[in-house]
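Reader: I'd like to go through this one with you. Can we take the labels in turn and see what each rests on?

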Amino acid sequence: IVPAVLIMEALITFDDFHRIRVLEHPKYRESEILKQECGQFIGKLENFSQSTSSVVDVVASRAKQIEAEKLKAIGKRIQVESQPEIRRRKQREVQALVSEKQAELDRYIFEYESLVKVELDQKVLIDKLSNNEV
């Protein structure tokens, strides 16, 4: 139940199409204009939201690419920084191999000289034995 005071204050009108209106015609028209402007504003906000969403997606994609490139660069830097140590280790390995082969060569030379001396001693012994029998 509506109090009698409010009924008295409410203005009931009819529009051009004979529909009942609670608002006066100018206020109704202003509210319709405001409704259209709000619809346009909402459309613009949706467009703006879509644009910003696509920009955020592009920025996020670029950020991932940048992060990947940064990790590659860090890996390359570590490789470059470790190259001198790798070279020194390889050089030590090669030097150890050269020393090992040199020691092996020295053993072979000593063995050869020893065999040559044994051969010479045997020839001398053969010559002595040949001379005594003849």
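Reader: Where do K101 and E104 lie, and how many residues apart are they?

Author: Both sit in helix α2, 3 residues apart, which is about one turn of the helix. A word on the source: this is a predicted model, where local features need pLDDT of at least 70, side-chain atom pairs count only at pLDDT 80 or more, and totals for chains, interfaces and linings use all residues. Residues are numbered from 1 along each chain as its sequence is written, and side-chain values use heavy atoms, with hydrogens and water left out.

Reader: What makes α2 a helix?

Author: Helices are DSSP runs of H or I with at least four residues, strands are runs of E with at least two, and both are numbered from the N terminus. Helix α2 covers residues 25–133. The protein chain has 2 helices and 2 strands, in the order α-β-β-α along the sequence.

Reader: Why is the contact between K101 and E104 called a salt bridge?

Author: The term asks for a side-chain nitrogen of Lys or Arg within 4 Å of a carboxyl oxygen of Asp or Glu. For K101 and E104 the N to O value is 4.0 Å, so the pair counts as a salt bridge. The whole structure has 7 salt bridges.

Reader: How do you know that K101 and E104 are partly exposed?

Author: Buried means under 20% relative accessible area, exposed means over 50%, and partly exposed is in between (1.4 Å probe, protein chains only). K101 has 47% and E104 has 22%, so both fall in the partly exposed range.

Reader: What about R88 and E85: what makes them a salt bridge?

Author: Their side chains meet at 3.1 Å, N to O, so they satisfy the 4 Å limit. Both lie in helix α2, 3 residues apart. R88 has a relative accessible area of 42% and E85 has 35%, so each is partly exposed.

Reader: And why are E119 and K123 about one helical turn apart?

Author: Because they are 4 residues apart in helix α2. E119 forms a salt bridge with K123, with the closest N and O atoms 4.0 Å apart. E119 is at 42% relative accessibility and K123 at 47%, so both count as partly exposed.

Reader: Which residues do salt bridges with shared partners join into one network?

Author: E85, R88 and R92.

Reader: How much of the protein chain is buried?

Author: Buried residues make up 1% of its 134 residues.
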